[in-house]
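I opened the notebook today to look over a new model with a cup of coffee at hand. I wanted to go through the annotated site, the chain contact and a few backbone oddities.

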Protein chains: 2
Amino acid sequence: MASQLDQELMSTGAFSIDQLMELAGLSVAQAIYKQYPPATASSNKVLMLVGPGNNGGDGLVASRHLKIWGYDPVLYYPKKSTKNELYKNLSKQLQDLEVPEIENLEEVKSLLESPKSVKIIVDSLFGFSFKPPIREPFGELIKYLSINHSSLPDIVSVDIPSGWDVDKGPIDVDINSTMLISLTAPKPCSEHFLKEGRVHYLGGRFINQKIAQKYDIEDLVKLYKGDELIVKL
Amino acid sequence: MASQLDQELMSTGAFSIDQLMELAGLSVAQAIYKQYPPATASSNKVLMLVGPGNNGGDGLVASRHLKIWGYDPVLYYPKKSTKNELYKNLSKQLQDLEVPEIENLEEVKSLLESPKSVKIIVDSLFGFSFKPPIREPFGELIKYLSINHSSLPDIVSVDIPSGWDVDKGPIDVDINSTMLISLTAPKPCSEHFLKEGRVHYLGGRFINQKIAQKYDIEDLVKLYKGDELIVKL
């Protein structure tokens with residue numbers, strides 16, 4: 001269903017992947033801004049965990065906007081696509097903004113274990129098309145986040161908590177994100193997300209009435225206000 | 001200077017035209033939303049005058065966002081590019097949103113002459129690379145807007161009032177726009193724009209520090225607030 005909607009937007013909907021990713025990543029950044037606004041007196045460091053596919057691409061776009069708005073994003077992007085022109089460009093845009101990058105998992109852990117150095121973690125590792133098994137180093141990363149969640153900063157997941165199944169939710173491990181930003185439409189697994197203290201946003205406000213009807217999200221789309229690109233559900 | 005900045009963003013800056021146009025058009029729509037918010041009791045019709053090039057493309061993107069936010073855009077887009085895939089896609093996105101189109105200049109005039117039917121006119125005809133002479137039907141359109149401006153709705157110009165020279169300002173005719181949305185950086189001619197009752201916005205918030213320095217717009221870029229994509233100058 002989720003992949004059908006994306007396919008439909010790009011084929012009959014005539015959107016390009018550059019366009020969709022820019023709007024999706026901007027929504028992610030705006031939801032973060034709303035929920036975790038930058039502060040003057042404490043760290044605005046955001047650890048961006050970037051996966052190899054489209055979910056990672058949304059994270060790259062979000063990193064750029066966050067940087068421009070006063071955050072200090074730090075990338076962990078261990079499996080870069082060398083062929084995909086779009087991801088290469090999005091990375092270059094971040095280099096030009098002097099967004100630093102962490103090269104290995106040990107550095108990620110040591111950053112997260114320094115007290116109060118990271119404001120939030122953004123999980124843009126895997127999206128709705130994820131199927132196990134998890135490749136390394138992502139398997140170890142997700143296990144680490146899952147085991148240590150009580151001592152870690154809040155985790156914000158893009159579209160789907162990484163490692164979850166799009167329909168069934170958590171499979172083996174749960175990274176325990178506290179915020180989820182659903183893109184275009186909430187995926188079925190988002191029903192498993194809502195617990196006390198967790199927040200859910202919807203972003204990616206660009207579908208037409210016919211598509212909203214077809215995917216039965218007309219009521220959700222009506223929740224957006226004014227010219228806002230996101231809405232807290 | 002202006003074309004250099006655009007070129008630099010797309011070459012060494014590694015932005016795609018899809019990306020830049022999406023961000024530019026979104027800024028245009030948000031500035032319109034801020035200055036002319038949609039009303040419940042009167043017309044929200046926006047006449048979108050769309051030119052054949054990139055300025056027109058920004059107008060197409062803006063039309064889509066405005067439609068989603070509750071306006072009723074009506075397109076006048078007489079010289080469509082048949083080869084450019086991006087413009088074709090942006091047009092298709094508007095068709096899917098059922099944005100109506102006016103086919104000829106007589107219809108434009110008759111729409112504008114119906115009392116209170118149009119809230120504002122958006123001028124996305126020509127941008128910074130415009131050189132005279134003006135091709136038809138744009139010459140007649142600009143002359144019409146210029147002669148009748150006192151009885152017409154407010155005109156919002158994208159980046160440059162159409163028909164103006166990027167450096168010198170008005171050449172023969174002046175369409176008398178009341179609002180200008182400069183994209184990325186104000187063009188030299190914007191100095192001729194400011195008069196009583198006119199407003200000036202800046203949008204296209206995506207350049208890095210080095211580029212801002214090089215084009216001497218560091219102080220302007222600092223005016224943006226929070227996560228906003230536009231600022232009223």
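My entries follow, in the order I looked things up.

**Entry 1: the annotated site**

I began by reminding myself that this is a predicted model. Which residues does UniProt list under "binding site"? The unreviewed entry gives A:Asn55, A:Asp123 and A:Ser162. I then asked where these positions sit relative to one another. They span 108 residues in sequence, but no two of their C-alpha atoms are more than 9.5 Å apart, so they gather at one spot.

**Entry 2: A:Asn55**

I looked up A:Asn55 next and found it in helix α3 of chain A, which covers residues 54-68. Is A:Asn55 buried or exposed? It is buried, with a relative accessible area of 7%. I also listed its contacts, setting aside neighbours within four places in sequence. A:Asn55 meets A:Asp123, A:Ser124, A:Leu125, A:Phe126 and A:Gly127, and also A:Val158 and A:Asp159. One of these partners, A:Asp123, is itself an annotated position.

**Entry 3: A:Asp123**

A:Asp123 belongs to strand β4 of chain A, residues 120-124. Its relative accessible area is 0%, and I noted it as buried because the cut-off for that word is under 20%. Leaving out residues up to four places away in sequence, I found that A:Asp123 touches A:Asn55 and A:Ser162, among others. Its contacts also include A:Leu49, A:Ile175 and a run of residues such as A:Ile155, A:Val156, A:Ser157 and A:Val158. I checked the side chain too: that of A:Asp123 reaches the backbone nitrogen of A:Leu125 at 3.2 Å.

**Entry 4: where chain A meets chain B**

How many residues does each chain bring to the contact? Chain A gives 30 residues and chain B gives 30 residues. The area buried between chain A and chain B comes to about 2800 Å², with carbon and sulfur atoms giving 54% of it. I looked for salt bridges across the interface of chain A and chain B and the rule finds zero. For polar contacts between chain A and chain B, the count is 10 residue pairs.

I wanted to know which elements of chain A are involved. On the side of chain A that touches chain B, α2 (17-35), α3 and α4 (85-96) each supply at least two residues. The largest share there, seven residues, comes from α2(A). Sorted by class, that side of chain A has 11 nonpolar, 10 polar and nine charged residues. I also noted that α3 is the helix that holds A:Asn55.

**Entry 5: cis peptide bonds**

I scanned the backbone and wrote down two cis bonds. The peptide bond from A:Pro132 to A:Pro133 is cis, with omega near 5°. A cis peptide bond also joins A:Glu136 and A:Pro137, where omega is about 5°. A:Pro133 lies in the loop between β4 and α6 (138-147) of chain A, and A:Pro137 is in the loop between β4 and α6 as well. Strand β4 is where I had found A:Asp123.

**Entry 6: positive phi**

Last, I looked at phi. A:Glu98 is not a glycine, yet has a positive phi of about 60°. A:Glu98 is placed in the loop between α4 and β3 (101-102) of chain A, and is exposed, with a relative accessible area of 56%.

A:Asp216, also a residue other than glycine, has a positive phi near 60°. I located A:Asp216 in the loop between α7 (209-214) and α8 (218-221) of chain A. A:Asp216 is exposed, with a relative accessible area of 68%.

Note on methods. Residues are numbered from 1 along each chain as its sequence is written. Chains are lettered from A and ligands numbered from 1 in the order in which they are written. This is a predicted model: local features need pLDDT of at least 70, side-chain atom pairs count only at pLDDT 80 or more; totals for chains, interfaces and linings use all residues. Side-chain values use heavy atoms; hydrogens and water are left out. UniProt positions are given in the numbering used here, feature names are shortened, and annotations may be inferred rather than shown by experiment. Helices (H or I, at least four residues) and strands (E, at least two) are DSSP runs, numbered from the N terminus. Buried means under 20% relative accessible area, exposed over 50%, partly exposed in between (1.4 Å probe, protein chains only). Contact means heavy atoms within 4.5 Å. A polar contact is a pair of N or O atoms within 3.5 Å; within protein, one must be able to donate a hydrogen and the other to accept it, and residues adjacent in sequence count only if both atoms are side-chain atoms. Buried area is the accessible area (1.4 Å probe) that two parts lose on being put together, summed over both. A salt bridge is a side-chain nitrogen of Lys or Arg within 4 Å of a carboxyl oxygen of Asp or Glu. Ala, Val, Leu, Ile, Met, Phe, Trp, Tyr, Cys and Pro count as nonpolar, Asp, Glu, Lys and Arg as charged, and the others, Gly among them, as polar.
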